[in-house]
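Work through the exercises below with the sequence and the model side by side. Try each task before reading its solution.

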Amino acid sequence: MSGAKTSTRPRLASARLGMPRPPQLPALKARLQRGRELSGEVLRNPLTLAGCLVIAAFLLMAALAPILTTPNTPDAYQMPRDWQAIDAPPGSPGHLLGTTSTGGDVLYGIIWGARKSLQLSVMVVGIAVLIGVIVGSLAGFVGGRLDEILMRTVDVFLAIPELIFALAIAAALGTSFTNIILALAVVFWVKYARIIRGQIIHVKQNEYVEAARAIGDSRLRIYLKDVLPNSITPVTVQATLDMGSVVLIGATLSFIGLAESGLTEWGVLVATGQSDVIAGKWWVSTFAGLAIFLWALAFNLVGDGLRDVFDPKSQRR
Amino acid sequence: MQVRQYVLRRLLFLPLVVLGVSIIVFALTRFSGSPVAIYQHPDMSQEQIAELQSRYHLDDPVPVQYLFWLKGAVSGDLGWSGVSVAPVVDVIPNKLAATMELAICAGLVAVLLGVALGTIAGARKDRAADHFVRLFAISGASVPIFWFGLLLLIPLYVEWGVFPIGRSSPEFFERIGHPTGMYTIDALLNLDLRAFLDAVWHLTLPAITLGFATTAIIARMMRSSMVEEVTEDYVDAARAKGLPERLVIRRHARRNALMPTVTVIGLSFGFLLQGTVAVELIFRWPGLGQWVTSAITAGDQATIMAYVLVTSLIFLLVNLLVDVAYAYLDRRVVLGG
């Protein structure tokens, strides 16, 4: 009801006050065009493009996992066991990247691990952004005592290094991959709350917000139509960077032993291969770790590219 | 705000933050159930377990348990570490010394190397050296520390045996006294050069592994602030008066570019601290990180709690020091704003 009404109104209150209107393109078309321009600008940087390609490859791998490989256990996210092919080196027939000491195919683990990494990063970043935006908005937009209370809470959360905090939470919740997701979400929202609060306090001082208030728009409406859309950009940059670092920290936690053993998760796979490294069997840990590295690298490259485009001050530094 | 006033305010605020951290972590550890399992013996009867519960107030409501814990903590009792079979406060000094020795060494190398690399890259923007440093910086931030450690171990320990794992060779450990618990310093205090070299030799691989990512972060920050500084007017002025480029960079641009890097150094200390968990596990370094991973496996809550508190406290203090140093270095900074 109110949604239909709002969509026909111009986005900036300044337009309704007789100030110069933006070009008369239909809103959707204008947005699409702006999106095309921005993505063109982002992809012009070769490093960003490389990052996008690696991410696309991982997504494809995750999507096609059941076609690329066939699980031999009821749970596809468990490493297969094949006692005929223990410790096969890379290049063995049927085992391109070799096998583990229980005959698990390393390539299988990496392909199904892509799904686990995708699940981990999307869930953690999704939950963290949601909580962070709500808390940060309340602090920045409402202000006053609420701001003080929320920000002091944020200070306490920031006092514990990320990995150590996540480690303590995951240890308390018990060994499981789901608990790693929960633990990381609890740790990561804080950053977003800070970013969005700062942005909102800055955006709130703009003339168009003043104008919207002057013509009697409700606070919720001002927040949703004027303040939030203009504050969200740094969050998207941070979220892209975090898609990589979440997998990096998540893999560290599962490497330490906080995920179920035998899971097709890259950190677990590195840990599985760790004891064999001493015996000269280098491939399990090396390839699994390489997957984590490429995943994090790709998102870092794209995140950097986005920051260059969205924040012209930092461009080509 | 005056620097002194600011430091005082931060110092007053510090215990409150630590208190907040302790509440969160205590609630978390109790979330996983009563910690009685670590204290009980398999042969104990139900009555004996119940007596154990009541002796350690484990049958009280959680907030009351917390108050008992807090009372103990204030008087210097952080509980019993099941994995070390000793009181937590007795175990901490040794583990802390091991971890700090590793973190400080890695940090020093990272700062020196990061600043040098960042300066070179920033002064030669868009040239080969710059591209190399940028690539290094971005891959450094993406490398899983535990994997990097294994990559170093495979050739240097497993294949060629150039470097050892662990903290020191037994003969050197026994030969010298250990007043500080940091073996390199202990060896120097004992004027034992061979023991010192042995400690450094053991420290090399873990420190490189731990410092790698931090070097990358610092190099990246240093580079971007150098790029900004070299376009400033005062740099042109220095060049115009005929100062050699080397001195322009060293005396003028680098000095100012260091300012924003100082804050990053403080933050990256947290990065170093959390990195020790994986590094200590891989290189069998007997510090806090290895202690907490064994505590997690055993469900030893007193140890986990102490670990989080100690590391947070160090992290907070380092950041306070960095902020104060920053304020002294640059009097234009408005504090507390």
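**Exercise 1. Describe the fold of chain A.**

Solution. Step 1: read along the sequence, chain A runs α-α-α-α-α-α-α-α-α-α-α-α-α-α. Step 2: that comes to 14 helices and 0 strands, where helices (H or I, at least four residues) and strands (E, at least two) are DSSP runs numbered from the N terminus. Step 3: of its 317 residues, 47% are buried. A residue is buried if 20 or more other C-beta atoms lie within 10 Å of its own, exposed if 12 or fewer, and partly exposed in between, with C-beta atoms placed from the backbone. Step 4: among contacts in chain A between residues at least 6 apart in sequence, 69% join residues at least 24 apart; two residues are in contact if their C-beta atoms, placed from the backbone, lie within 7 Å.

This is a predicted model, in which local features need pLDDT of at least 70 and side-chain atom pairs count only at pLDDT 80 or more, while totals for chains, interfaces and linings use all residues. Residues are numbered from 1 along each chain as its sequence is written, and chains are lettered from A and ligands numbered from 1 in the order in which they are written.

**Exercise 2. Describe chain B under similar headings.**

Solution. Step 1: chain B has 13 helices and 2 strands. Step 2: 42% of its 337 residues count as buried. Step 3: of the contacts in chain B with a separation of 6 or more, 71% are between residues 24 or more positions apart. Step 4: the C-alpha atoms of chain B fill a box of roughly 85 × 55 × 40 Å along the principal axes.

**Exercise 3. Check the length of helix H5 of chain B and find its buried face.**

Solution. Step 1: H5(B) covers residues 128-140, and its 13 residues should span 18 Å at 1.5 Å a residue; the expected span is 1.5 Å times one less than the number of residues. Step 2: the end C-alpha atoms are 18 Å apart, which agrees. Step 3: Val133(B), Arg134(B), Ala137(B) and Gly140(B) are buried in H5(B). Step 4: these buried residues fall within an arc of 135° seen down the axis, so they line one face of the helix. The arc is that of the directions from the helix axis to the C-beta atoms. Step 5: recall that an α-helix has 3.6 residues a turn, so residues three or four places apart point the same way. Step 6: the face turned away from the buried side carries the exposed residues Ala128(B) and Leu135(B). Step 7: the buried residues of H5(B) pack against helices H4 (88-123) and H9 (193-229) of chain B.

**Exercise 4. Describe the contact between the chains from the side of chain B.**

Solution. Step 1: the contact takes 38 residues from chain B and 38 residues from chain A. Step 2: H1(B) gives the most to the side of chain B that touches chain A, with 8 residues. Step 3: this side divides into 26 nonpolar, 12 polar and no charged residues. Here Ala, Val, Leu, Ile, Met, Phe, Trp, Tyr, Cys and Pro count as nonpolar, Asp, Glu, Lys and Arg as charged, and the others, Gly among them, as polar.

**Exercise 5. Is Ser22(B) buried, partly exposed or exposed?**

Solution. Step 1: Ser22(B) is found in helix H1 of chain B. Step 2: Ser22(B) is partly exposed, because it has 19 other C-beta atoms within 10 Å.
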